[in-house]
Amino acid sequence: MPRISFTRRQALLGYAALGTSLAMPSLSRAKSRPIITHGVMSGDVAHNGAMIWGRADREAKMLVEWATTESMSNAQAVPALAVGTPTDYTGKMALTGLPSDQDIFYRVTMTDLADGTMSEPTLGQFRTAPMGNRDVSFVWSGDTAGQGWGIDEDRGGMTTYATMLGHNPDFFLHSGDTVYADGPLKEEVELEDGTIWKNIVTPAKSKVAETLDEFRGQHLYNYMDRNVQAFNAAVPMISQWDDHEVTNNWYPNEVLASDDRYAVKSMQTLSARAAHAFHEMMPTRQNLAEPMRVYRKVSYGPLLDIFVIDMRTYRGDNTANTETEATPFLGAEQLAWLKREMVNSTATWKVIASDMPIGMMVRDGDTNMENGANGDGPVLGREHDIAAVLSFIKTAEIANTVWLTADVHYTAAHHYSPDRAVFQEFDPFWEFVSGPLHAGTFGPSSYDNTFGPEVRFAKHPEDGKANLPPSDGLQFFGKVDIAADTGVMTVRLMDSADVELWSVELEPKVV
């Protein structure tokens, strides 16, 4: 069904408020109306609800109202939420009891706790998931503001977000590296063509993140971009994390003994602060049993279930990954959860949203490996967890699984088959890679034949080129369309100029 579009004024309300907030001194701001500083977001949409996010410039009450018409006639208000210093003035609220398969318009207003003055409202929109069959469309990618490439307003900012918004997707899957907490920005970077890339630089983006406020500032930096604000207001997000939300290639027991950029050496400390900031700054549904949990299932009607997994939080140390016995990767609880939820899924398509690819070799230094792949041969180390998932899918006769990921900063389509693999106890499947959204472009990776990947398409820089700027155009996202009448899933790999680079139609298997 068509999406009702925002006017330009509505889409930019939050950005205008942000510009005012940054320009005003604190004394005069305290005497003025509250400001919604970084736009609004929705996320983890269900058939009857969604999460709503906003941020004030002071202690305030966050009021959220929703309606099924753009005019906001007969708007319904939910109980207000007090926001303040414990959450860096952010608020995250769950809307419940919404009608399914319905355009929902919402507005967020902040009321000053001291004098009752109210902010200008900021508007947002999303569509609830359907209970019955209808066409489903979504986009995915990863890697925002990495490798020194921040917001250059003279070049239009983070323009891939504007390209994705033009497709009016039902939702956006951010596949990780939502921020680069380990990537300080320089004000100017000279490009090969002699021009200058000019970054907006904030205090938080001037050094590696160590404190909770610095991790928060990584997310707030991205929300300064007008393209990101307009996109967030109109498209609900499903977010996951990978490594750069903390630091490059991190694992829980790591100690940054030799990295002079960090005064805080404990990865347990850094990752705890980063996780706090991630969930505070993202419209995620949190689990009371494990509030910092990233893995979860998001259902989007009878055609689609999305299983968001976390390959970072429960892993063991990064090694060469050549251990004969299994080493921690997904962790026992997450692995059991994934098996249980997949076997109970009745959706036609089961998308496994992975923060790292399966068969591409992602290295951590000269000898250690970042993901499960470790070179040709039998299942070793972390690969045991991947083998367990793939063999379970086969044994349980779970049909129509597709893996979506990012991480490697180029785009590719991979087909996996036991006919090409060393480990053969699995059914053939597809994995699609896309990104970066707004970061340096790299590639290509080398491959591991353990699970038999075959590259059907890839686009990346030519040999000898690395960390190409967003202005070179090698920024990528993927688009998935599922037809209600046939159940066919069409996957397209796109670039920032909205050029379709490659596509495939996948017929659903009936079991």
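Here is a walk through the two domains of this chain, the place where they meet, and a few odd spots in the backbone. Keep in mind that you are looking at a predicted model.

Let's start with the overall layout. The domain assignment splits the protein chain into domain 1, residues 31-128, and domain 2, residues 136-506. If you take the C-alpha centre of each domain, the two points are 28 Å apart.

UniProt has something to say about both parts, in an unreviewed entry. It places a feature called "domain: Phospholipase D N-terminal" at residues 38-128. In the model, that span is 53% strand and 0% helix, and its end C-alpha atoms are 23 Å apart. The same kind of record, also unreviewed, puts "domain: PhoD-like phosphatase metallophosphatase" at residues 140-493. Here the make-up is 19% helix and 19% strand, and the end C-alpha atoms lie 10 Å apart.

Now turn to the place where the domains touch. How many residues of domain 1 are in contact with domain 2? There are 28 of them, and they meet 25 residues of domain 2. The size of an interface is often given as the accessible area lost when the parts come together. For domain 1 and domain 2, the buried area comes to about 2,000 Å², with carbon and sulfur atoms giving 51% of it. In domain 1, the residues that lose the most area to domain 2 are His38, Met41 and Asp44, which together make up 32% of what that side buries.

Asp44 is worth a second look. Which residue does aspartate 44 form a salt bridge with? The partner is arginine 296, and the closest N and O atoms of the pair are 2.8 Å apart. The count between the two domains is 1 salt bridge. Polar contacts between domain 1 and domain 2 add up to 13 residue pairs.

Which elements supply the domain 1 side of this meeting place? Those giving two or more residues are strand 1 (36-43), strand 2 (50-56), strand 6 (90-95) and strand 8 (122-127). Strand 1 gives the most, with 7 residues. Sort the domain 1 side by class and you get 11 nonpolar, 12 polar and 5 charged residues.

Finally, follow the backbone to some unusual spots. A cis peptide bond links glycine 435 to proline 436, with omega at about 5 degrees. Where does proline 436 sit? Look in the loop between strand 21 (429-433) and strand 22 (453-459). Another cis peptide bond joins glycine 443 and proline 444, with omega at about -5 degrees. Proline 444 is also found in the loop between strand 21 and strand 22.

One more residue to find is glutamate 397. Its phi is near 55 degrees, a positive value in a residue that isn't glycine. You can spot glutamate 397 in the loop that runs between helix 8 (383-395) and strand 19 (401-405).

Definitions and conventions: Residues are numbered from 1 along each chain as its sequence is written. This is a predicted model: local features need pLDDT of at least 70, side-chain atom pairs count only at pLDDT 80 or more; totals for chains, interfaces and linings use all residues. Side-chain values use heavy atoms; hydrogens and water are left out. Domain bounds come from an automatic or database domain assignment. Contact means heavy atoms within 4.5 Å. Buried area is the accessible area (1.4 Å probe) that two parts lose on being put together, summed over both. A salt bridge is a side-chain nitrogen of Lys or Arg within 4 Å of a carboxyl oxygen of Asp or Glu. A polar contact is a pair of N or O atoms within 3.5 Å; within protein, one must be able to donate a hydrogen and the other to accept it, and residues adjacent in sequence count only if both atoms are side-chain atoms. Helices (H or I, at least four residues) and strands (E, at least two) are DSSP runs, numbered from the N terminus. Ala, Val, Leu, Ile, Met, Phe, Trp, Tyr, Cys and Pro count as nonpolar, Asp, Glu, Lys and Arg as charged, and the others, Gly among them, as polar. UniProt positions are given in the numbering used here, feature names are shortened, and annotations may be inferred rather than shown by experiment.
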